[in-house]
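Q: Please take a close look at one part of this structure: the second largest pocket. What lines it, and what is the rest of the chain like?

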Amino acid sequence: EILPGGSGGEVQEDLAKWENAGVEEVLDLMAERGGAAAAKCGCEALTRIAKVNEASRVSAVDSEGNEAVLEAMEKHPDDPMVQRAGCNALKALASGQERQEAEPGVLEAVVRAIANSSSSASLLQSAEHSSPLLQSHEESSPPSRLAPHEEALSFLASHEQSSACLASHEQTALLSASCSPLAALVPFVRKSSSLPADDSSVELTACRALSLLVGRNQNNKIQAASAGALDAVSRVMHQHTGSKEMSEEGCLALFSIASNNPANCAALVGLGGVRLVLDSMDAHGSEAGVARQGCRILMCLAAYNEVHKRAQVAEGALEAATIALRAHPSSPPVLEAAVGALREIAGRDSARLATLTTLGAPPLVQQALEAFPGNEVLQRRGLSLLQNLRGSVGSMGSGE
């Protein structure tokens with residue numbers, strides 16, 4: 001990205017200045033230069049500083065680094081590079097503080113980054129299917145080698161009615177009321193939504209930041225849910241079903257918000273969270289990360305809630321967790337989560353325990369316990385589940 005300046009030499013000098021600047025100088029540069037380029041570079045510089053050591057992180061926070069990042073994200077809500085750099089900065093500035101309450105405005109900013117990327121893609125994909133103009137452009141245009149923003153400008157300029165409304169400012173299309181913003185952005189969305197989310201996407205970066213920022217703090221969980229995090233994360237997971245990374249990070253974000261919070265668990269179930277998680281596990285269950293995070297959500301949703309247990313049984317959660325057990329026999333984290341999910345969902349219900357026996361879960365649990373005798377979490381959960389299974393068999397045998 002080109003910073004404000006003239007020749008290439010000046011640009012290089014500016015980049016070097018950002019890379020070597022301390023906290024105060026970074027904040028001064030962000031305030032002095034303004035614009036998306038400075039916002040992005042400033043957020044990246046704050047991320048670098050926060051990662052040096054704990055003293056540097058604390059210094060950046062005390063110098064109002066969070067406030068500078070939030071201001072940058074608020075000023076440039078539609079710039080994906082600023083939003084991604086901002087989420088990374090907020091995550092770095094909060095690193096290691098998983099039990100502390102998030103700084104004011106931080107969770108809301110990250111949720112907005114997720115929601116904006118999701119709503120833009122949904123709106124434009126819908127318009128793309130309904131607009132004859134956009135469909136004809138798709139059919140008549142050869143594959144483009146332009147950058148997304150350049151392709152958007154090219155598309156507008158190719159239509160006489162739209163070209164009169166075209167203006168340029170910092171590589172952004174500014175449209176008058178008579179122009180269609182959907183038309184301007186469709187090429188960008190067509191590219192971004194057709195590809196799986198990767199490390200460069202706002203959605204994936206923001207979900208990772210959200211998981212860390214929520215941490216284990218109940219106030220953070222409540223605040224994130226109130227900001228619409230459960231719905232926002234669910235939407236981007238639906239939009240990137242082909243991405244194993246998005247499935248894993250999305251499940252982790254949902255787990256962070258829902259775990260040990262009955263109200264958030266109920267809200268997630270109401271949003272179709274059980275089906276969403278099971279679809280992710282079905283599509284990417286061979287990936288240990290997806291299997292683990294999916295099972296962790298199933299486990300927390302089932303805890304202390306019979307209605308949620310019934311919903312999960314009806315959707316096939318017992319089968320999904322058993323498949324995870326079978327697919328990852330050498331992964332203790334997956335085994336812990338899968339056995340925990342089976343124990344919570346089945347409980348002492350004889351019908352569900354019988355289903356587990358039919359699915360072949362008991363020998364898989366036994367194998368896991370034998371493979372990792374020193375894993376206290378796995379041993380505790382596995383022995384409890386096997387005890388319930390044996391009790392169920394004994395009860396049926398005695399005619400109870």
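A: Start with the helices around the pocket. In this predicted model, seven stretches each give at least two residues to the lining of the second largest pocket: helix H12 (202-214), helix H13 (218-226), helix H15 (244-258), helix H16 (262-270), helix H18 (288-302), helix H21 (332-346) and helix H24 (376-397).

Now the space itself. The volume of the second largest pocket is about 910 Å³. Its lining counts 32 residues, and Phe255, Ser259, Asn260, Arg296 and Cys300 lie closest to the centre. By residue class, the lining holds 13 nonpolar, nine polar and ten charged residues.

Next, the setting. The protein chain has 24 helices and two strands. Of its 400 residues, 48% are buried. Take the contacts between residues at least 6 apart in sequence: 69% of them join residues at least 24 apart. The exposed surface of the chain comes to about 19,100 Å², with 52% of it supplied by carbon and sulfur atoms.

Then the packing. The largest nonpolar core contains 102 residues. Within this core, Leu90, Leu210 and Leu356 touch the most other members. Look at leucine 90 in detail. Beyond its neighbours within four places in sequence, leucine 90 contacts Asn66, Val69, Leu70 and Met73. Val106, Ala109, Val110 and Leu213 are also in contact with leucine 90. Leu213 falls in a helix that helps line the pocket, namely helix H12 (202-214).

Definitions and conventions:
Residues are numbered from 1 along each chain as its sequence is written. This is a predicted model: local features need pLDDT of at least 70, side-chain atom pairs count only at pLDDT 80 or more; totals for chains, interfaces and linings use all residues. Side-chain values use heavy atoms; hydrogens and water are left out. On a 1 Å grid over the protein atoms alone, a cavity is a set of points where a 1.4 Å probe fits but cannot get out, and a pocket is an open set with protein on both sides within 12 Å along at least five of seven lines; lining residues have an atom within 4 Å of a point. Grid points are joined across faces, edges and corners, and a volume is the space filled by probe spheres set on the points. Helices (H or I, at least four residues) and strands (E, at least two) are DSSP runs, numbered from the N terminus. Ala, Val, Leu, Ile, Met, Phe, Trp, Tyr, Cys and Pro count as nonpolar, Asp, Glu, Lys and Arg as charged, and the others, Gly among them, as polar. A nonpolar core is a set of buried Ala, Val, Leu, Ile, Met, Phe, Trp, Tyr and Cys residues joined through side-chain atoms within 4.5 Å. Buried means under 20% relative accessible area, exposed over 50%, partly exposed in between (1.4 Å probe, protein chains only). Contact means heavy atoms within 4.5 Å. Accessible areas come from the Shrake-Rupley method with a 1.4 Å probe; for residues, only the protein chains shown count as cover.
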